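Thanks for coming, everyone. I have one model to walk through today. Please look at the screen.

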Amino acid sequence: MFSLEQNTYKNARLGDTDFTDAELRGYTFENCDLRGAMFSGALLEKCRFSACAFDFSRLNDILARGCSFENCTFSGASLFVTAFENCRVSGCSFAGADLTGWAVRGGTLEYCVLDHCPLKKQDFSGISLRGTSFAEADLEKANLSGCDLTETVFRNAQLKECDLRRAKFSRTDIRFAKMQKTKIDLEGAVYLAGLLGAVVN
């Protein structure tokens, strides 16, 4: 049972909780079952979610500001027009989630799974995507300029007209990505050429 007067929850079953339009500041949720919970229109500020299941939850039109999401799952969840501002997101799986209109502004999105996700025109500019998997994701016209793409996976991802300028490449799995009119700077071109066995001099 959720109560606004209690700000720390561990191993709690909260899937039937209605957080619609709630304002949660400084709450901690560890290993909590939030599957199917309603969060639409909520404000989450400086909250921490660790090993929580948000599967099939309604997370529409949420503003998450300065929050931490660690090792959480969002399969089947709806994040329609939800915004993450300066959030630390690590080890989370968004595979199978509805990310239509999802905005990520600042913060990090590291070692996450976004395989097969429709991310056309998504703006990830300037954030760290270190270790995140975009296998077979649709990133057409997405903005990844200035991102840290160390160990990031783009296996069979659609990168048509994607902006990769000023991105940091290191151990990035991008050889089998689908590129067409992809924007890339000289440093990125040298990295790609090296993957293909070419030498730029």
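I will go from the overall build to the sheets, then the aromatic pairs, then a few loop residues.

First, a caution. This is a predicted model. Keep that in mind throughout.

Start with the whole chain. The protein has one helix and eleven strands. Reading from the N terminus, the order is β-β-β-β-β-β-β-β-β-β-β-α. So the eleven strands come before the helix, as the order β-β-β-β-β-β-β-β-β-β-β-α shows.

What are the dimensions? The C-alpha trace spans about 65 × 20 × 20 Å along the principal axes. Now the radius of gyration. For the protein the value is 18 Å, and the globule rule gives 17 Å for 201 residues. Those are close, so by this criterion the protein is as compact as a globular protein of that length. Put that next to the axis spans of about 65 × 20 × 20 Å.

Next, burial and surface. Of the 201 residues, 50% are buried. The protein exposes about 9,600 Å². Carbon and sulfur atoms supply 46% of that area.

Then contacts. Take the contacts in the protein with a separation of 6 or more. Residues 24 or more positions apart account for 1% of them.

On to the sheets. Which strands go where? One open sheet has five strands in the order 2-4-6-8-10. The pairing there is parallel. Its edge strands are strand 2 (23-25) and strand 10 (103-105), and each of them pairs on one side only. Neighbouring strands in this sheet are turned by 10° against each other on average, ignoring direction.

Look inside that sheet for a moment. Strand 6 (residues 63-65) runs parallel to strand 8, and three bridges join the two. One residue pair to find on the screen: Leu 63 has Ala 83 in strand 8 as its bridge partner.

Now the other open sheet. Six strands make it up, in the order 1-3-5-7-9-11. Here too the pairing is parallel. At the edges stand strand 1 (8-10) and strand 11 (108-110). Each has a single partner strand, so one side of each is left without a neighbour in the sheet. The average turn between neighbouring strands of this sheet is 5°, direction ignored.

Zoom in on one edge. Strand 11 pairs with strand 9 (residues 88-90) in the parallel sense, over three bridges. Within that pairing, Arg 88 stands opposite Thr 108 in strand 11.

A general reminder on pairing. Strands of a sheet pair through backbone hydrogen bonds, either parallel or antiparallel.

Now the aromatics. How many aromatic pairs does the structure hold? There are 19. Let me show you two of them.

Take Phe 49 and Phe 69. Their ring centres are 5.1 Å apart and the planes meet at 5°, so this pair is stacked. Phe 49 is in strand 5 (residues 48-50) and Phe 69 is in strand 7 (residues 68-70). The two are 20 residues apart, so to speak a link between distant parts of the chain. Both Phe 49 and Phe 69 are buried.

Phe 69 also pairs with Phe 84. Those ring centres lie 5.0 Å apart with the planes at 0°, so this pair is stacked as well. Phe 84 sits in strand 8 (residues 83-85), and Phe 69 in strand 7, so the pair ties together parts 15 residues apart in sequence. Are these two rings' residues buried or exposed? Phe 69 has 3% relative accessibility, so it counts as buried. Phe 84 has 4%, so it counts as buried too.

Last, the loops. Val 113 lies in the loop between strand 11 and helix 1 (186-195). At 29% relative accessibility, Val 113 is partly exposed. Its C-alpha atom is 5.0 Å from that of Ser 133, 20 residues away along the chain. Leaving aside neighbours within four places in sequence, Val 113 contacts Cys 92, Ser 93, Phe 94, Ala 95 and Ser 133.

Two asparagines deserve a look. Most residues other than glycine have a negative phi. Asn 31 has a positive phi, near 55°. Asn 31 is in the loop between strand 3 (28-30) and strand 4 (43-45), and is partly exposed at 46% relative accessible area. Asn 86 has a positive phi too, near 50°. Asn 86 lies in the loop between strand 8 and strand 9, and is exposed at 54%.

Terms used. Residues are numbered from 1 along each chain as its sequence is written. This is a predicted model: local features need pLDDT of at least 70, side-chain atom pairs count only at pLDDT 80 or more; totals for chains, interfaces and linings use all residues. Side-chain values use heavy atoms; hydrogens and water are left out. Rings of Phe, Tyr and Trp (its six-membered ring) pair if their centres lie within 6.5 Å; planes under 30 degrees apart count as stacked, over 60 as edge-to-face and the rest as tilted. Helices (H or I, at least four residues) and strands (E, at least two) are DSSP runs, numbered from the N terminus. Buried means under 20% relative accessible area, exposed over 50%, partly exposed in between (1.4 Å probe, protein chains only). Two strands pair if DSSP finds at least two bridges between them. Axes are lines fitted to C-alpha atoms, for helices over the stretch in contact, and angles run from 0 to 180 degrees between N-to-C directions. The radius of gyration is taken over C-alpha atoms; the globule rule is 2.2 Å times the number of residues to the power 0.38. Contact means heavy atoms within 4.5 Å. Accessible areas come from the Shrake-Rupley method with a 1.4 Å probe; for residues, only the protein chains shown count as cover.
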